[in-house]
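Okay, thanks for coming, everyone. Let me put the structure up on the screen, and then we'll talk about its pocket and its overall fold.

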Amino acid sequence: MQMIDQPISISSWDRVANDALLIKTVSALEKNGFTVSVVKNREEAKEKALSLIPEGAEVMTMTSLTLQQAGIDSAINESGKYDALHPKLIKMDREVMEKEIKKFRSVPDFAIGSVHAITADGKIFIASGTGSQLPAYVYGAKKVIWVVGIQKLVKDMDAGFKRLYEYVLPLESERINKVYNITSGSSVNRLLIYNKEMNKDRIHIILVKENLGF
């Protein structure tokens, strides 16, 4: 595997990080106020994520290929064990209930999703077209859980930007073109770089030792 001091090529954006980069990143994230768990695969990620959410809790699942691949979104939204907000949102009239929809998204007890890159010094990149997931992540949600495949770990911020624009954005554009039958693709209209969390145990990052999401 690549060593963390070697240049990273674009073709490596979907390769899982080596142990040296993983260990360095976990240490940096913890110093920056994040709680971190490392699991072997998506099955363990699902088990860990659900263990962090009490049954009956209010949960907002953000749109995430990672959550879909790990079966986390369906476990929350279809099991009946949680007060799942996403199924409620899709039934709401966006024009009539815009304010209520924004409240649901912004101030849930639990928000769960993923991120697009994490640097070796513990900085987290989250890009968004609409920004709908960002208020909950930054401030509104009481607890935040991010499930992240370790192919998203990068050496530094420059690599984070490259991964985002040269790898993630084209794949996300392809995804939404298929889902919504459009040709315009996606765009990075909002970009959050999360440097530190001041509230102890508010954000829990589950790093998965396999390629998960993009």
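So, let's go straight to the largest pocket, which has a volume of about 1,100 Å³. Keep in mind that we're looking at a predicted model here.

What lines that pocket? There are 44 lining residues in the largest pocket, and the ones that lie nearest its centre are Thr63, Ser128, Thr130, Ser132 and Gln133. If you sort the lining by class, you get 20 polar residues, 17 nonpolar and seven charged.

Now, which elements do they come from? At least two lining residues each are supplied by α3 (65-70), α5 (86-89), α6 (98-106), β6 (124-128), α7 (134-140) and α8 (157-180). The largest share belongs to α8, with seven residues of the lining.

Okay, zooming out to the whole protein. The secondary structure adds up to eight helices and ten strands. The radius of gyration is 17 Å, and the globule rule for 214 residues also gives 17 Å, so this protein is as compact as a globular protein of that length. If you prefer box dimensions, the C-alpha trace spans about 50 × 40 × 30 Å along its principal axes.

How about contacts? Take the ones between residues at least 6 apart in sequence: 78% of those join residues at least 24 apart.

And last, the surface. Of the 214 residues, 46% count as buried. The protein exposes about 10,900 Å², and carbon and sulfur atoms supply 50% of that area.

That's my bit, over to you for questions.

Notes
Residues are numbered from 1 along each chain as its sequence is written. This is a predicted model: local features need pLDDT of at least 70, side-chain atom pairs count only at pLDDT 80 or more; totals for chains, interfaces and linings use all residues. Side-chain values use heavy atoms; hydrogens and water are left out. On a 1 Å grid over the protein atoms alone, a cavity is a set of points where a 1.4 Å probe fits but cannot get out, and a pocket is an open set with protein on both sides within 12 Å along at least five of seven lines; lining residues have an atom within 4 Å of a point. Grid points are joined across faces, edges and corners, and a volume is the space filled by probe spheres set on the points. Helices (H or I, at least four residues) and strands (E, at least two) are DSSP runs, numbered from the N terminus. Ala, Val, Leu, Ile, Met, Phe, Trp, Tyr, Cys and Pro count as nonpolar, Asp, Glu, Lys and Arg as charged, and the others, Gly among them, as polar. The radius of gyration is taken over C-alpha atoms; the globule rule is 2.2 Å times the number of residues to the power 0.38. Buried means under 20% relative accessible area, exposed over 50%, partly exposed in between (1.4 Å probe, protein chains only). Contact means heavy atoms within 4.5 Å. Accessible areas come from the Shrake-Rupley method with a 1.4 Å probe; for residues, only the protein chains shown count as cover.
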